[in-house]
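Biologist: I am new to this one. Could you take me through it and give your reasons as we go?

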Amino acid sequence: MKTYSEINEKIKAGKAVVVTAEEVVEIVKKIGKKKAAEQIDVVTTATFGPMCSSGAFLNFGHASPAIRMESITLNGVPASGGLAAVDTYIGATEESKEEGYEYGGAHVICDLIAGKTIKLKATGKGTDCYPRKEVERELTLEDLNEAYIYNPRNCYQNYAAACNMSNRTLYTYMGPLLPNLSTVTYSTSGTLSPLLNDPYYKTIGVGTKIFLAGAEGFVAWRGTQFNSGAQRDENGIPLGTGGTLALIGDMKQMDPNFIAPAVYEKYGTSLFVGVGIPIPILNEEMIDHVSVGNDQIYTNILDYSVSDGPKPVVKRVSYAELQSGSVEINNKVVRTAPLASLKKAREIANILKDKIEKGEFTITEPVQFFDTTSITKPMKKED
Amino acid sequence: MRTKMILKFPKAVTNEPITYELIKKYDLRINILKADINFKLEGHLIFDVDGNSKDIAGALEYLENLGVEADLITSTINIDSNKCVSCGLCTSACAVKALHLNREDWSLNYTELKCVGCNLCISTCPTRAITNTVW
């Protein structure tokens, strides 16, 4: 048994033993769970996948004379006019009025992080306190007071893979799905994925300090569609979607290498967000969870040609099978392709490992834990 | 040698049986990878060509004399390594496995010789890192 403060003392002294969630699988195979739990202090997890439920809060400061911005665009992409005078939220999937989904909210966010100039245009009706009716400015991230990413949902605990049994190409958020069962696409970093390493949210909760696109961010809340009450396998891994996390982090600290706009053909814009979460090895139970390998993590391949109601399960496969490059379905070898970058996820897990080893990143005990009983409801049926 | 050949047709090309000549006269083993030609013979053709280099040079000269712009190319796409995040989604579109993920370090690899120029990867790439280098 170790405590958060004991582990942090070791981190600050530069003596913490830190490994990635991939490395720990092999270590446990060699030295066993008991020794591993004693020796390892922190396991780093990471993911770099597209997440539509992303966006950023921005504050522009007041113009003179002041305006209450009610209709707002940034580089031609609409942003919310439903907050206070010069606050806005720009959603990642919002599309440019001129360029459509080839330039969306995700591009605006990433252009700001990359230090590029963006154009703000806003109008308001004019009030006694905010007399101005329109404003136009060229701005960079530095000109803003606050700019932070807020992901209402990220880090899906588990997610189904996609295929297409119909005879036409389907354009989806899982990428273009070629007809007649030609490809399977999947989105996960597998054994590196944060919530697969802490399936019952024993160390990840509200207030957990994380790596968010290069910045120090935090778990802000449970993510939307938090389905922690999902049926689980013997390793505690949800058979379906499971838990999710809401994340927050300062854009001014972010690195364009770990956040990128994504465009899915005939679907729309999304945002790749790089996330790294440290898991303190408080006890042997945590080693049980982090030592689960890709051959023990399963997901369903769903047929996306069924668009109304639950999509039928075509096959249940392990992530090791998906990552091999092909799976066999109905005696057909079907190639598999990921949506999330395992290369980037590994990079993030190693950066976080390095920061903790150097004493630059400490672990935090959650201020509130998540439940394991929530079930995501469908939309209420029509009366 | 094996290479790819792109032919760009202007409007006023004679009704010459080009593919037939390339096979018969220059002994080239030809696979048509892509053909986009309208009734006035405007457009382009991409061949996968296998033959000896002397014959390929002869074929290029023959085409030039006909007024067809012909070039040898190794690839019809370019991948911007600054934009590519190695997500790997393009490999779902690549039936010939010219684009594939290295299963050791999970970086994206591209084997030019295998590419048949279908260009399905271009619209599949989420970061728009892949562009058409030919037309």
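Biologist: Which residues is Met251(A) in contact with, leaving aside its neighbours within four places in sequence?

Modeller: This is a predicted model. In it, Met251(A) is in contact with Ala56(A), Leu58(A), Ile109(A), Leu112(A), Ile113(A), Leu141(A), Ala147(A), Tyr148(A) and Ile149(A). Met251(A) and Leu58(A) touch the most other members of the largest nonpolar core, which has 131 residues. A second, separate core has 17 residues, among them Ile30(B) and Phe47(B).

Biologist: Why is Thr188(A) called buried?

Modeller: Its relative accessible area is 10%. Buried means under 20%, so Thr188(A) is buried. Thr188(A) lies in the loop between β15 (183–186) and α5 (194–197) of chain A. Beyond residues up to four places away in sequence, it touches Ser193(A), Leu196(A), Tyr319(A) and Ala340(A).

Biologist: What makes the link from Thr188(A) to Gly190(A) a polar contact?

Modeller: The Thr188(A) side chain reaches the backbone nitrogen of Gly190(A) at 2.8 Å. The cut-off is 3.5 Å, so the distance fits.

Biologist: How do you know that Arg128(B) forms a salt bridge with Glu265(A)?

Modeller: The closest N and O atoms are 2.7 Å apart. The limit is 4 Å, so the pair qualifies. Between chain B and chain A the count is two salt bridges. There are also 10 residue pairs in polar contact, both at pLDDT 80 or more.

Biologist: Which element gives the largest share of the side of chain B that touches chain A?

Modeller: That is α3(B), with three residues. By class, this side has 10 nonpolar, eight polar and four charged residues.

Biologist: What area is buried between chain B and chain A?

Modeller: About 1900 Å², of which carbon and sulfur atoms give 59%. The contact takes 22 residues from chain B and 31 residues from chain A.

Methods. Residues numbered from 1 in each chain as written. Chains lettered and ligands numbered in written order. Predicted model: local features only at pLDDT ≥ 70, side-chain atom pairs only at ≥ 80, totals over all residues. Heavy atoms only, no water. Core = buried A, V, L, I, M, F, W, Y, C linked by side-chain atoms within 4.5 Å. Buried < 20%, exposed > 50% of the residue type's maximum accessible area, 1.4 Å probe, protein only. Contact = heavy atoms within 4.5 Å. Helix = DSSP H or I, 4+ residues; strand = E, 2+ residues; numbered from the N terminus. Polar contact = N/O pair within 3.5 Å; in protein donor to acceptor, adjacent residues only side chain to side chain. Buried area = accessible area lost by both parts, 1.4 Å probe. Salt bridge = Lys/Arg side-chain N within 4 Å of Asp/Glu carboxyl O. Nonpolar A, V, L, I, M, F, W, Y, C, P; charged D, E, K, R; others polar.
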